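Me: I would like to learn how to read a protein model feature by feature. Can we work through one together?

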Amino acid sequence: MKPNKIIVYDDTCPLCAAYTQGFVSAGMIEKENRKNFTSIDPSLLELLDKKRCPNEIPVIDFETKEVLYGIDAITSILQTRVPFIKKTVQLKYINWPLHKIYKLISYNRKVIVASKTIACNFDCTPDFNYKYRLVFMLLFSLFNIIMLFPIQAQILHNSFVSISINQLLIANLLLIILNIFIAGFLNIKISFEYLGQMNMIVLTSIILTIPVIFLNKYHLIQSSCFNNTFLILLIFFIFKEYKRRMDFAGITKSYRLIHLINITAIWSFIVYLIY
């Protein structure tokens, strides 16, 4: 039996929209009980903690009027299909990391998807948390660096790019130093936003390489033509994503010199890889 609960999500966040729709598709909650902040009934909005909602997705029990947030809210939905999950999540060594991971994603969801907040009766933009933004950037910067090894060995090695792993690591380090240097000329909040967006451009690009890495690793690709085509398309994607994210962060219009420096640096990096 589906619970008498209403889940309220940020409809400007594709991540929130996707996983709440997943609950509906899995039969964990009724379609009409999935509400967004743009169209939520004012009477339901009155039940919510306005400070917690932007950072933790709420679930309302419309019989008891109890409201749960974040991991507790998600658990209350999941337990309709996984009865033991509530007791499992309550275990200290599971509960603590789950809450930290949830906060890491929630506080950074706008930098992850770079989606504009639309005008509605409630602003669900998450708080800007410097600690979780810094942890987010450090974790995924490390992941990006680690992924350079299989990218060089499986893709670049069998393409028009002729570069050693040491050269690739040096080029990557120079780009990181350049971006940190640029961020030093911005106020702290904009600098964190800028570095977060640049980190996501690299992360998204690297995620796209993962299937191609496996295709090369297991010899499902015999010709370098596929890798060459993929790399060219990836370059176009990087520039398109760069423009979208810099527009979102307000860098393109407000900091034209930084925008020019970045475009020059990206092209220089590409030329360095090729030659």
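Reply: What follows is a set of questions and replies on salt bridges, helices, buried residues and backbone angles. Keep in mind that this is a predicted model.

Me: Let us begin with charged side chains. How many salt bridges does the structure hold?

Reply: The general idea is that side chains of opposite charge can pair when their charged atoms come close. The structure holds 8 salt bridges. One of them joins the side chains of R109 and D10, at 3.3 Å from N to O. R109 belongs to helix 6 (residues 109-113), while D10 sits in the loop between strand 1 (5-9) and helix 1 (14-25), so the pair ties together parts that are 99 residues apart in sequence.

Me: Is R109 buried or exposed, and is D10 buried or exposed?

Reply: To answer, compare the relative accessibility with the cut-off, since buried means under 20%. R109 has 6% relative accessibility, so R109 counts as buried. D10 has 3%, so D10 counts as buried too.

Me: Which salt bridges lie within helix 10?

Reply: Two examples will do. E241 forms a salt bridge with R244, and the closest N and O atoms are 2.9 Å apart. Both residues lie in helix 10 (residues 224-249), 3 residues apart, which is about one turn of the helix. E241 counts as buried at 9% relative accessibility, whereas R244 counts as partly exposed at 34%.

The other example is K243 with D247, whose side chains meet in a salt bridge of 2.9 Å, N to O. K243 and D247 are 4 residues apart in helix 10, so about one helical turn separates them. K243 is partly exposed at 48% relative accessibility, and D247 is partly exposed with a relative accessible area of 31%. Elsewhere, salt bridges that share partners join D10, R109 and K110 into one network.

Me: R34 is buried. What is the nearest side chain of opposite charge, and how far away is it?

Reply: A charged residue should be checked for a partner, and then for other polar contacts. R34, in strand 2 (residues 34-36), is buried yet has no salt bridge. The nearest side chain of opposite charge is D11, 9.0 Å away. A salt bridge needs the nitrogen and oxygen within 4 Å, so a distance like that does not count.

Me: What polar contacts does the side chain of R34 make?

Reply: The side chain of R34 makes a polar contact of 3.4 Å with the side chain of Y9. Another polar contact, of 3.3 Å, joins the side chains of R34 and Q21. Leaving out residues up to four places away in sequence, R34 touches I7, Y9, A17, T20, Q21 and V24.

Me: Now a helix. What span should helix 9 have, and how far apart are its ends?

Reply: Count the residues and apply the rise of 1.5 Å a residue. Helix 9 (residues 188-217) has 30 residues and should therefore span 44 Å; its end C-alpha atoms are 42 Å apart, which agrees. Helix 9 also has a kink of about 30° at I210, shortly before the proline P211. At the start of helix 9, a side-chain oxygen of N187 comes to within 3.1 Å of the backbone nitrogen of K189.

Me: How does helix 5 compare with its own expected span, and which residues of helix 5 are buried?

Reply: The 16 residues of helix 5 (residues 92-107) should span 22 Å, and the end C-alpha atoms are 22 Å apart, which agrees. The buried residues of helix 5 are Y102, L104, S106 and Y107. These buried residues pack against helix 1, helix 3, helix 6 and helix 7 (130-155).

Me: Where is T75, and what does it touch?

Reply: T75 lies in helix 3 (residues 70-78) and is buried, with a relative accessible area of 6%. Not counting residues up to four places away in sequence, T75 touches I85, K86 and V89.

Me: Last, backbone angles. Which residues have a positive phi without being a glycine?

Reply: Two cases can be given. K65 has a positive phi of about 70° and is found in the loop between strand 3 (58-61) and strand 4 (67-69). K65 is partly exposed, with a relative accessible area of 45%. H219 has a positive phi of about 60° and is placed in the loop between helix 9 and helix 10. At 59% relative accessibility, H219 counts as exposed.

Methods:
Residues numbered from 1 in each chain as written. Predicted model: local features only at pLDDT ≥ 70, side-chain atom pairs only at ≥ 80, totals over all residues. Heavy atoms only, no water. Helix = DSSP H or I, 4+ residues; strand = E, 2+ residues; numbered from the N terminus. Buried < 20%, exposed > 50% of the residue type's maximum accessible area, 1.4 Å probe, protein only. Lys, Arg positive; Asp, Glu negative; His and termini not counted. Polar contact = N/O pair within 3.5 Å; in protein donor to acceptor, adjacent residues only side chain to side chain. Contact = heavy atoms within 4.5 Å. Expected span 1.5 Å × (residues − 1). Bend = angle between axes of the 7 residues up to and from the residue.
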